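Open your viewer and get ready to make some selections. This friendly tour tells you what to pick at each stop and what you will find there.

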Amino acid sequence: MDLRVFTEPQQGATYETLLRVAQTAEELNYDAFFRSDHYLHMGSADGLPGPTDAWTTLAGLARETKRIRLGTLMTAGTFRLPGVLAIQVAQVDQMSGGRVELGLGSGWYAEEHTAYGIPFPKEKFGRLEEQLAVVTGLWETPVGQRFNFDGTYYQLKDSPALPKPAQSRVPVLVGGHGAKKTPALAARFATEFNIPFASVADSETQFKRVEAAAVEYGRAADSLVYSNALVICVGRDDAEVKRRADAIGRDVDELKANGLAGSPAEVLERIAAYEAVGSQRMYLQMLDLDDLEHLELIASEVAPHLS
């Protein structure tokens, strides 16, 4: 069971804050640092001092970390043309020495598009399918050969398909709750399937759908990694758990029902329940990015007890 740190910088964080979290996570031997890809805050947060761009952030972190893997959960397909995204990710992968992973989703938050003048097309899923085909196709094209693509939404002609990532294959994450199209996309393009903020029962159902889709597509069900993303709130005692819950504006009972919350023992029991239905990796959504002691507690009291 891998533990990965997952941040939501649109709620309010500078690059320096993200750097501290990423470097601390690396020092504490977390597997990866991931961030969301949003340009507008959500809920009651004011978002100050303003948004940071996901791939600009990861480019900086690529040069200021050494071991930890870096990625997005998820890059919004509406933000970037697929050819440009393939170049960006390949460059950051080179800058990191081959530590990048790309989570790619369709984009869903209409208000952030309106706020920054970004087109928000009605047909997003078909675009996502073509984006995944273009990005992976560009990377997989051998050096010296050309890539062509004639889709409904994107057309590429005689592309040199450069630059190449440092990795022979950049891990690609597809995720979501969709019952048919999402598992099919994961089967075709993904190395990892992620389900965000789901119950144990719903995770099991969705994992089985993806496994079936993989087999139908002609690949082994276990050729994908299966993962969850859940908010984390751990404390040594009830008072510490409540303090951390209050700091992120959440109720303890709600967090225990829908996330990973409570004492280290309670969180370990909860993780074990997800592991029992097939989860191999946890993205721990850290909502208070100034609470580095939280990271230290998880690393010392939770991580050592995981298989």
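Before the first stop, keep in mind that this is a predicted model.

**Stop 1: two cis prolines**

Begin by selecting P49, in the loop between β2 (32-35) and α2 (54-64). Check the peptide bond that joins L48 to P49: this bond is cis, with omega about 10°. Next, go to P163, which you will find in the loop between β7 (155-159) and β8 (172-175). The bond from L162 to P163 is also a cis peptide, and its omega is near 0°.

**Stop 2: positive phi without glycine**

Stay with strand β7 and pick D158. D158 is not a glycine, yet its phi is positive, near 55°. Is D158 buried or partly exposed? Its relative accessibility is 44%, so D158 counts as partly exposed.

Now jump to F197, in the loop between β9 (192-196) and α7 (200-217). F197 is another residue other than glycine with a positive phi, about 55°. With a relative accessibility of 44%, F197 counts as partly exposed too.

**Stop 3: the salt bridges**

How many salt bridges does the model have? The count comes to 17. Select R281 and D2 to see one of them, where the closest N and O atoms are 2.9 Å apart. R281 belongs to strand β12 (residues 281-286) and D2 to strand β1 (residues 2-7), so this pair ties together parts that are 279 residues apart in sequence. The two ends sit in different surroundings: R281 is buried at 11% relative accessible area, while D2 is partly exposed at 27%.

Keep R281 selected and add E192. Their side chains also meet in a salt bridge, with 2.6 Å from N to O. This pair again links distant parts of the chain, since E192 is in strand β9 and R281 in strand β12, 89 residues apart. Here both partners, E192 and R281, are buried.

For a salt bridge between partly exposed partners, select E254 and R250. Their closest N and O atoms are 2.9 Å apart. E254 has a relative accessible area of 26%, and R250 has 27%. Then select R236, E240, R243, R244 and D291 together: salt bridges that share partners join these five residues into one network.

**Stop 4: helix α3 and its buried side**

Select residues 82-96, which make up helix α3. This helix has 15 residues and reaches 21 Å from its first C-alpha to its last, close to the 21 Å expected at 1.5 Å a residue. Which residues of α3 are buried? They are P82, L85, A86, V89, A90, V92, D93 and S96. Look down the axis: these residues cover an arc of only 165°, which puts them on the same side of α3.

To see what covers the buried residues of α3, show the neighbouring elements, including α2, β4 (75-76), β5 (100-105) and α5 (125-140). Before leaving, click on G97, just after α3, where phi is positive at about 75°.

**Stop 5: the nonpolar cores**

In soluble globular proteins, nonpolar side chains tend to be buried together. Here, the largest nonpolar core has 76 residues. Which of its residues touch the most other members? Select Y30, F33, W55, W139 and I298 to see them. Helix α5 supplies the largest share of this core, with seven residues.

Zoom in on W139 and display its contacts. Leaving out residues up to four places away in sequence, W139 touches A86, V89, A90, L102, K164, P165, V170 and V172. You met A86, V89 and A90 among the buried residues of α3.

Another core lies apart from the largest one; it has eight residues, among them F34, L173, A229 and Y283.

**Stop 6: helix α11**

For the last stop, select residues 292-301, helix α11. Its buried residues are H294, L295, L297, I298 and A299. I298 is already familiar as one of the core residues that touch the most other members. Finish by showing what covers the buried residues of α11, which includes β1, α1 (15-27), β10 (225-234), α8 (238-247) and β12. Strand β12 is where R281 forms its part of the salt bridge with D2.

Key:
Residues are numbered from 1 along each chain as its sequence is written. This is a predicted model: local features need pLDDT of at least 70, side-chain atom pairs count only at pLDDT 80 or more; totals for chains, interfaces and linings use all residues. Side-chain values use heavy atoms; hydrogens and water are left out. Helices (H or I, at least four residues) and strands (E, at least two) are DSSP runs, numbered from the N terminus. Buried means under 20% relative accessible area, exposed over 50%, partly exposed in between (1.4 Å probe, protein chains only). A salt bridge is a side-chain nitrogen of Lys or Arg within 4 Å of a carboxyl oxygen of Asp or Glu. The expected span of a helix is 1.5 Å times one less than its number of residues. The arc is that of the directions from the helix axis to the C-beta atoms. Contact means heavy atoms within 4.5 Å. A nonpolar core is a set of buried Ala, Val, Leu, Ile, Met, Phe, Trp, Tyr and Cys residues joined through side-chain atoms within 4.5 Å.
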